[in-house]
Amino acid sequence: RGARSGAMDQIEAVLQNLKDNPITVVLAALIPLMLIIGQSLAPKAQPMANPSYKKEEPKLVDKVFCDDVAASEKKMLVMCRCWRSGNMPYCDGSHTAHNKATGDNVGPLLVCANARDIPGPL
């Protein structure tokens, strides 16, 4: 008997052991299932809120002027555009964590009464 024949004997012995040991069979069947479940539970990357608009800007903040804001008590409304705010439709700053996690550059929409009401960087 050569080395090849000895290796075949070992493989046959392992296969016979698998047949004879139901716990081993169950574990062998569960391994692929555990891998699939593990992959499905892995954290998924968040999609960008802004896939293509003005991506050259480090943070995208647009401003619009509105007579309705001028007539209200507030001089400016800060509106969410990342869809992550806990205070929708208003911005709560959630875009900062979103931008870090995704590489996005989305920022709020400022609805202002007039140009002098625009704050510095957000």
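In this predicted model, D104 and K55 form a salt bridge, with 2.9 Å between the closest N and O atoms. The pair links distant parts of the chain. D104 sits in the loop between α4 and β3 (106-112). K55 sits in the loop between α2 and β1. The two residues are 49 residues apart. D104 counts as buried, at 5% relative accessibility. K55 counts as partly exposed, at 31%.

A search of the whole structure finds three salt bridges. Another of them pairs R81 with D62, and here the closest N and O atoms are 3.0 Å apart. This pair also links distant parts of the chain. R81 belongs to the loop between β2 and α4, whereas D62 lies in strand β1. They are 19 residues apart. R81 is partly exposed, with a relative accessible area of 22%. D62 counts as buried, at 18% relative accessibility.

D62 also forms a salt bridge with K54. The closest N and O atoms of D62 and K54 are 3.5 Å apart. Because salt bridges are counted within 4 Å, a separation of 3.5 Å qualifies. Bridges that share partners join K54, D62 and R81 into one network. D62 is the partner that occurs in both bridges, one with K54 and one with R81.

K54 also stands out in its backbone. K54 has a positive phi of about 50°, although K54 is not a glycine. K54 is found in the loop between α2 (22-41) and β1 (60-65). The relative accessible area of K54 is 29%, so K54 is partly exposed. The loop between α2 and β1 also holds K55, the partner of D104.

W83 likewise has a positive phi without being a glycine, at about 65°. W83 is found in the loop between β2 and α4. W83 is exposed, with a relative accessible area of 67%. R81 lies in the loop between β2 and α4 as well, but R81 is partly exposed at 22%.

A cis peptide bond occurs in the chain. It joins M88 and P89, with omega at about 10°. P89 is found in the loop between β2 (76-79) and α4 (95-102). The loop between β2 and α4 thus brings together several features. It contains the cis proline P89, W83 with its positive phi and the salt-bridge residue R81.

The cysteines were examined next. The structure holds zero disulfides. C82 is in no disulfide, and the nearest cysteine sulfur, that of C80, is 3.8 Å away. A disulfide requires sulfur atoms within 2.5 Å, so the 3.8 Å between C82 and C80 does not qualify. C82 is buried, with a relative accessible area of 2%. For C91, the closest cysteine sulfur is also in C80. The separation is 6.0 Å, which is too far for a bond.

C82 appears again among the contacts of H95. H95 lies in helix α4. With a relative accessible area of 5%, H95 is buried. Neighbours within four places in sequence left aside, H95 is in contact with K59, C82, V106, G107 and P108. One of these partners, C82, is itself buried at 2%.

The overall architecture frames these sites. The chain has four helices and three strands. Along the sequence, the pattern reads α-α-β-α-β-α-β. Among contacts between residues at least 6 apart in sequence, 64% join residues at least 24 apart. The bridge between D104 and K55 spans 49 residues.

The chain has 122 residues, of which 19% count as buried. D104, D62, C82 and H95 are among the buried ones. The accessible surface of the chain comes to about 9,000 Å². Carbon and sulfur atoms account for 63% of this surface.

How values were computed: Residues are numbered from 1 along each chain as its sequence is written. This is a predicted model: local features need pLDDT of at least 70, side-chain atom pairs count only at pLDDT 80 or more; totals for chains, interfaces and linings use all residues. Side-chain values use heavy atoms; hydrogens and water are left out. Buried means under 20% relative accessible area, exposed over 50%, partly exposed in between (1.4 Å probe, protein chains only). A salt bridge is a side-chain nitrogen of Lys or Arg within 4 Å of a carboxyl oxygen of Asp or Glu. Contact means heavy atoms within 4.5 Å. Accessible areas come from the Shrake-Rupley method with a 1.4 Å probe; for residues, only the protein chains shown count as cover.
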